[in-house]
Amino acid sequence: MQSKKTYQPIFDFESALADYTGAPYVVATDGCTHSIMLAMKLYGVKKCECTAFTYLSVIQALQHINVDYTLTDEQWIGEYQFHSTNIWDSARKLEPKMYRKNQIQCLSFGINKPMSIGKVGAILLDDEKAYVEL
């Protein structure tokens, strides 16, 4: 079993990101697409509407977890919402105090993102029960 100290850099990153974005809770993940999948599964999303101008991996993820989706022609800069949910793909947005109350915002830190640190993602949320479960 690994000690909590092993994970300290992750906890430090989550804490710094929470302070920066204003999110009460942050969960680091291995990428934005998996953040979206985790959020959709956690909240039992069965159906949503999203932009057709998203990443192919997002559509593949929705199919993989059996979410029935409708694509729209919505253009987006920075982030877009999965309509009929409180989940956002914020892959291209990272700003101070960007967190929206009662929402789930999924971030990306991959290549060509606002903070490019590798294949890393995060979930911003204010639901303590969901945070603990994640």
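Is Phe13 buried, partly exposed or exposed, and what is its relative accessible area? Select Phe13 in this predicted model and you will find that Phe13 is partly exposed, with a relative accessible area of 22%, which is above the 20% under which a residue counts as buried.

Next, add Phe109 to the selection, a residue that is buried, with a relative accessible area of 1%. The two rings form an edge-to-face aromatic pair, with 5.6 Å from centre to centre and 80° between the planes. Because Phe13 belongs to helix α1 (residues 8-21) and Phe109 to the loop between β6 and β7, the pair ties together parts that are 96 residues apart in sequence.

Now move to Tyr55 and Trp76, whose ring centres are 6.3 Å apart and whose planes meet at 65°, so this pair is edge-to-face. Tyr55 sits in the loop between β2 and α3, and Trp76 in the loop between β3 (68-72) and β4 (80-81), 21 residues apart. Tyr55 counts as partly exposed at 28% relative accessibility, whereas Trp76, at 16%, counts as buried. If you then select Tyr80 and Phe82 as well, you have one aromatic cluster made of Tyr55, Trp76, Tyr80 and Phe82.

Phe82 also leads to the largest nonpolar core, which has 25 residues, and where Met40, Leu62, Phe82 and Ile87 touch the most other members. Helix α2 (32-42) is one of the elements that give two or more residues to this core, and α2 gives the most, with 5 residues.

Finally, select Arg100 and Trp88 together: Arg100 lies over the face of Trp88, at 3.9 Å from the ring centre.

Technical notes:
Residues are numbered from 1 along each chain as its sequence is written. This is a predicted model: local features need pLDDT of at least 70, side-chain atom pairs count only at pLDDT 80 or more; totals for chains, interfaces and linings use all residues. Side-chain values use heavy atoms; hydrogens and water are left out. A nonpolar core is a set of buried Ala, Val, Leu, Ile, Met, Phe, Trp, Tyr and Cys residues joined through side-chain atoms within 4.5 Å. Buried means under 20% relative accessible area, exposed over 50%, partly exposed in between (1.4 Å probe, protein chains only). Helices (H or I, at least four residues) and strands (E, at least two) are DSSP runs, numbered from the N terminus. Rings of Phe, Tyr and Trp (its six-membered ring) pair if their centres lie within 6.5 Å; planes under 30 degrees apart count as stacked, over 60 as edge-to-face and the rest as tilted. A charge sits over a ring if NZ of Lys or CZ of Arg is within 6 Å of the ring centre and within 35 degrees of the ring normal.
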